[in-house]
Structure formats: C-alpha cells, structure tokens
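Subject: Structure handover

Hello,

Here is the structure I said I would pass on. My notes on it follow below.

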Amino acid sequence: MKKNRSLKGFTLLELIIVMAIFGLLLTGVMTLIDPVSKTMRNTAVRENNAASVNNVKEYLENSLRYSEYVAVYNGGYSIENTSIAGGRLAMSRADRKKVVEEFVTDYYKNRVDSNGDPITGVVRVLEIDNSTGGIISEMTYDFISPQTYKDNAGNEMTLALSGDMVKEKEALHQAINDTYYQHYSYFIKAGYNQTQPLSSAVASSAPFNLTLSEDGRFYYSKLYEVKDETGSNPLYDFGSAMFSLSIVTYENDGAFMGSFDIADDTSTAYDETDRVQVFRSPIYLANSTMALPNINSTTVADKVYGIERDITGGTVIDGTTGKPVFYELNATNGHLLQPKVALYDAPAGTNPGEEENIYFIYTLPRDVAR
C-alpha cells in the first residue's frame, strides 16, 4: 500500500520576505552602480567632446596659421568712421564686401608686382556663427590693389581700376560637415580663456538667475578671459604674439545659456567689468594658440613696393633704365600702418543677433601675386 506524500512549498509570507530581502540587496547594488555609471557616462561624453573640439580646432589652425594678414571682428563686422563715437561703424554680414574692401585698402594699397602692375590676389573670409551652435562658413574674393597719387594740391587721389577692387569669387558656404554638428555645438571666442564652475549661490543669483539641478546631474560654468594679477587686463594680449582662440563644445541637449555682464566691484581699485558666457554641463574647452610664422617673420621678403606717380597719376619712369621708379612701402611714408593682426570689437548693440559671432578676413602668401 502506497503512502501519500504531500509536497511542501514556500508559504506566501516566506515569498514576501525573500522578495523584500532581494529588493533591498538590489537597491544596494544599484546605489553602488549608479555613481560608476554616471562617471562612465561623463567620461565618454568628455572623450567625445574632446574629439569633436579637436576637429574644429585643427580646421581653424590649418586655415589661419599661415596668414599674411588677418583682421578679427568680435561681435560683427565694422569699418572705420572717424565721424562717430568709437570711430567704427557696424556693418551687417550682407555688407561684408565693404569690410573686405577696407581690408584690401589697409594692407595692399599701392602695392605692385615686379613689373609695376597692381598686385592681384584672393582674400579669404571665415565666419563663426556662435548663435547657431558654432556653424563655420567661408568664402573668397578676388582683389586688385588700389593705387593712389597726390595731385598738385597734395590731395590723395585714387586711380580708376580696370575692374572692381573686390569681386566675389566663391560664395559663402558651410566649411565643416554637418556630421560634426549632429550631437555637439560649439562656441569659439578670441583670446585665452578658461572655464570655471559657478557655485549654486552664484548661479541662482543675479545676473545669472539660473535654475539649479535638483539631482546634481548638471552644473553651470562660465567662460572668461584670463586676467593679470590686477583683474583688469588680459594676461595675454590678443595679437600676433598670442593669437589664441578658445573653443567650447557642448552636447546639443546641453545648453549655451547666454552672455552676462559682470559688474565692477567698487570696493577694489581695479575694473573687474567683464562679459562672460555661461554653459550647462557637460562641456569641454580647448585653447588653440597659433605661432603665425608668416606674420611674425622679419625677413627681407616681407618688404613690399609701390611705384612713383606724378600729379596726374602717371608712372614715373627712370630716365636711365626706362623702367618704373619703385619705392618701399612702410610706415614712414604712410603705408602699412595697420598691425598684421588687427582685432575689432563691434560697437555695442549695433549688430542684433551677431553679438556672439566672430569673423576673420585674411590672406595667405600663396594667394597673392608677387
């Protein structure tokens, strides 16, 4: 006779207890894993940001490093106008041709080639639109150097050219593939800059008034120009000796929060007034400092020449050689007064929508006839 055997299992209470213990263990494990996963994510973001910013940095360096002359326009284009306050008149991007004409006049007026003919060449334009995520565009213009002479009253007159002094050669187009903007945006600023995290107290107060992260997933950083010990002057003056650009990259789901004016601390003897840009993390900063070998060289090849002209603009001919009379163009005779690297800040408030942009007009030796 077979005996009946009852199969015993867990009671409902026992199952509840086991599940509760398992839940506690899982919570503990996730507590340990979460910081690690956040660290891994942040590391991956930084590595990707670094790779993206290095690509943009390499493009800018390859474009500008070997410039012969370069003009940098912060906050929009402008041209000289001594009749207004500040001496600069703001120009829109649609009027950039006038700015290029001023550039050609500043650096190539009266220059001629070895035959005494006005030199020709190509002017390059590079525009960075920080308001659209740092889109970089470029275009080119053909130019012919303007020629001037003094009439019998000593007035400077300009010879009529055979064509336009400046003529568009290649239309404005995006220089860097859209692939680099799929996940990241960029902000590029002239000078040597650093980033600094804002404390919660500073970020939430004026002039920033930013919303803080409740779970600590993000923070805010400001981009600011490195100053000397007084806090008033740049530690490095932007120019041929320190041609530096700061490139910030941030994820498209991050944010450029805008620019803010920092008020002067009247309790000190220094002027701490500054304009800084604020970003929400994660971000990555790289400073690109270029040597500019062609601009900083002092060889005899740097000498440039014009030809003597009479009071009607005609070429003065050497009676012995039968060739034009050449003379060296330099600051002493009123030429080449502009620095080889010029930085212009646009008049405040006169270029709506372009305040954060930066534009470059430059020439390369290979593009200019000698």
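Is L292 buried or exposed? The model is predicted, and in it L292 has a relative accessible area of 0%, under the 20% limit, so L292 counts as buried. L292 sits in the loop between β15 and α4 (293-296). Its phi is positive, near 50°, although the residue is not a glycine.

N110 is a second residue of this kind, with a positive phi near 70° in a residue other than glycine. N110 belongs to the loop between α2 (96-108) and β4. Its relative accessible area is 4%, so N110 is buried.

Cis peptide bonds

Two peptide bonds to proline deserve a look. The bond joining A206 and P207 is cis, with omega about 5°. P207 lies in the loop between α3 (200-203) and β11 (220-225). The bond from S281 to P282 is also cis, and omega is near 5° there. P282 is placed in the loop between β14 and β15.

Nonpolar cores

The largest nonpolar core contains 30 residues. Those with the most contacts inside this core are L60, I136, F243, L245 and F360. Two or more residues come from each of α1 (12-64), β1 (69-74), β4 (120-129), β5 (135-144), β9 (184-190), β12 (243-251), β15 (283-290) and β19 (358-363). The biggest contribution, 5 residues, is that of α1. Leaving out residues up to four places away in sequence, L60 touches R65, L126, I128, I136, I188, L245, I247 and M290. There is also a second, separate core, made of 25 residues, with Y77, V99, Y107 and Y108 among them. As background, nonpolar side chains in soluble globular proteins tend to be buried together.

Strand pairing

Two of the strands that feed the largest core, β5 and β1, can be followed through their partners.

β5 is largely enclosed by the rest of the structure, because 8 of its 10 residues are buried. β5 runs antiparallel to β4, and 10 bridges join the two. One pair of bridge partners is V123 and Y141, the latter in β5. β4 and β5 form a hairpin with 5 residues between them, and G133 in the turn has a positive phi of about 85°. β5 is also joined to β8 (residues 166-174), again in the antiparallel sense, by 6 bridges. Here T140 has E170 of β8 as its bridge partner.

β1 is mostly covered, with 5 of its 6 residues buried. Antiparallel pairing links β1 to β19 over 6 bridges, and Y69 is partnered there with T363 of β19. With β18, by contrast, β1 runs parallel, and 5 bridges join the two strands. In that pairing the bridge partner of Y73 is Y344 of β18.

Largest pocket

About how much space lies in the largest pocket? The figure is about 790 Å³. Its lining has 30 residues, and N74, K189, R275, Q277 and D345 are the ones that lie nearest the centre. The elements that each give two or more residues to the lining are β9, β14 (274-280) and β18 (341-345). The largest share is that of β9, with 4 residues. By type, the lining divides into 11 nonpolar, 11 polar and 8 charged residues. β9 therefore appears twice in these notes, as it is also listed among the elements of the largest nonpolar core.

An exposed residue

E80 is the last residue on my list. E80 is found in strand β2 (residues 77-80). Its relative accessible area is 52%, over the 50% limit, so E80 counts as exposed. Apart from neighbours within four places in sequence, E80 is in contact with G87, R88 and E102. E80 and E102 are 22 residues apart in sequence, and their C-alpha atoms are 8.3 Å apart in space.

Regards

Key: Residues are numbered from 1 along each chain as its sequence is written. This is a predicted model: local features need pLDDT of at least 70, side-chain atom pairs count only at pLDDT 80 or more; totals for chains, interfaces and linings use all residues. Side-chain values use heavy atoms; hydrogens and water are left out. A nonpolar core is a set of buried Ala, Val, Leu, Ile, Met, Phe, Trp, Tyr and Cys residues joined through side-chain atoms within 4.5 Å. Buried means under 20% relative accessible area, exposed over 50%, partly exposed in between (1.4 Å probe, protein chains only). Contact means heavy atoms within 4.5 Å. On a 1 Å grid over the protein atoms alone, a cavity is a set of points where a 1.4 Å probe fits but cannot get out, and a pocket is an open set with protein on both sides within 12 Å along at least five of seven lines; lining residues have an atom within 4 Å of a point. Grid points are joined across faces, edges and corners, and a volume is the space filled by probe spheres set on the points. Ala, Val, Leu, Ile, Met, Phe, Trp, Tyr, Cys and Pro count as nonpolar, Asp, Glu, Lys and Arg as charged, and the others, Gly among them, as polar. Two strands pair if DSSP finds at least two bridges between them.
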